[in-house]
Amino acid sequence: MNTIQPFVTLVGAGPGDPDLITLKGIKAIESADVILYDALVNESLLSYAKAGCTKIYVGKRAEQLSTSQDYINRLMVDYALTHGHVVRLKGGDPFVFGRGGEELDYVHGFGIATAVVPGVSSAIGLTGLQKIPLTYRGISESFWVITGSKSDGSLSLDLTHAADTDATVVVLMGYAKLQQIVALYKSRQKADLPIAVIQNGSLPNERIALGTIDSIIAEVEKSNIGAPAILVIGEVVRKHEAFNDLRKEIQYLATEKVKTHKQAVQP
C-alpha cells in the first residue's frame, strides 16, 4: 500500500495562451494527482495531466456563480490529505492578485508542504504581446499594478495616488470601474493621457481598444469590449503600433467638426 504524501503546488498558467506556461508548470501538472483550476486557465493545459488525475473546476468570475475562496481552501487540504499531490492551477501569476499567499497560509496551517511555480502575469505578458513597454527611458520610470476593485467593491485608493504620477498604471479586473477611473484621471487634468483596454489578451478572440482618457469609453463601446479585460494607462501606450493611426483619425474628425461648425455659422 502506497503512503500518501500530501503536497500542494501553486502553478501560474499565464494570461491565457497555453504556450505561455513555463516548462516547470507543465511538469507540475504532469505529476499532479488532483488539479483545481480557475476560470481564466486555458483548459487545453489539462491534457498534460496523467491518466487518473482528478480535475476540478473552481473558477471565480465577476457577476457570475462562483466558487468561494473558503471552499477552494478546504478542497486543497482535503485532496492533499486523501490523494497526495494537488496542483492549484491559476491564471496569470499566483501572487499577483491571485490569492496565492492566502492559499499558502491556509495549507501551511495543516502542516502540508508546498511549492510555487511562477506564471506570466497579464500585467506584464499582455502589454508585452501588444508591444506596449511598461517602462521607457524618458517617458516612464516605473509602473504600478493595481486591482480595479477592493473586496468591498470600492475603487482602490492606490489609484488616486497613481493618477498623480507619471508612472504607467496597469489595472487588473478594472473593466467594471472604467468610468470611475476615467473620471478620476479627468479630475487630474489628464484627459489626453493614452489608455488601452485589452480583453481576452493572448487568445484568438483578443480585442483591444486604444484611445485617450477622454475618448476611451466611446472606443470600448465601438469595439464591443467587455470583461475580462485589463487597463493600461500612461504615455507608453503611444508606443502601440496602432496608436498613431488612431491619433490621426481623432485629429481628422476634430478638423471636420470645426469645418462643419464654421459652415453652420456662416451667413
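Let me begin with T9, which lies in strand β1, the run covering residues 7-12, and let me say at once that what we are looking at is a predicted model. With a relative accessibility of 5%, T9 falls in the buried class, because that class takes in residues under 20%. Leaving aside residues up to four places away in sequence, T9 touches A28, H85, V86, V87, R88, A115 and V117. Of these neighbours, V87 deserves a remark, since its C-alpha atom is separated from that of T9 by 4.8 Å although the two residues are 78 apart along the chain. H85 deserves another, in that its side chain and the side chain of T9 are joined by a polar contact of 2.8 Å.

From there I would like to turn to the nonpolar cores. The largest of them has 22 residues, and the members with the most contacts inside it are V169, Y185, I216 and I233. Which elements each supply at least two residues of this core? They are the helices α5 (157-162), α6 (178-187) and α7 (216-223), together with the strands β7 (168-172), β8 (194-199) and β10 (229-233), and it is α6 that gives the most, with 5 residues. If we take I216 as one of the well-connected members, its contacts, again not counting residues up to four places away in sequence, are L178, V182, I195, V197, A209, L210 and G211.

There is also a second, separate core, which has 17 residues and includes A28, A32, Y37 and L45. A28 has already come up in this talk, as one of the residues that T9 touches.

Y37, for its part, brings us to the aromatic pairs, of which the structure holds 2. In one of them Y37 and Y57 meet edge-to-face, with 5.7 Å from centre to centre and 65° between the planes, and this pair links distant parts of the chain, given that Y37 sits in strand β2 (residues 34-37) and Y57 in strand β3 (residues 54-57), 20 residues apart. Are the two partners buried or exposed? Y37 is buried, at a relative accessible area of 9%, whereas Y57, at 44%, counts as partly exposed.

The other pair is formed by Y106 and F110, and here the arrangement is tilted, with 5.3 Å centre to centre and 50° between the planes. Y106 is partly exposed at 28% relative accessibility, and F110 is likewise partly exposed, with a relative accessible area of 46%.

Technical notes. Residues numbered from 1 in each chain as written. Predicted model: local features only at pLDDT ≥ 70, side-chain atom pairs only at ≥ 80, totals over all residues. Heavy atoms only, no water. Helix = DSSP H or I, 4+ residues; strand = E, 2+ residues; numbered from the N terminus. Buried < 20%, exposed > 50% of the residue type's maximum accessible area, 1.4 Å probe, protein only. Contact = heavy atoms within 4.5 Å. Polar contact = N/O pair within 3.5 Å; in protein donor to acceptor, adjacent residues only side chain to side chain. Core = buried A, V, L, I, M, F, W, Y, C linked by side-chain atoms within 4.5 Å. Phe/Tyr/Trp six-rings, centres within 6.5 Å; stacked < 30°, edge-to-face > 60°.
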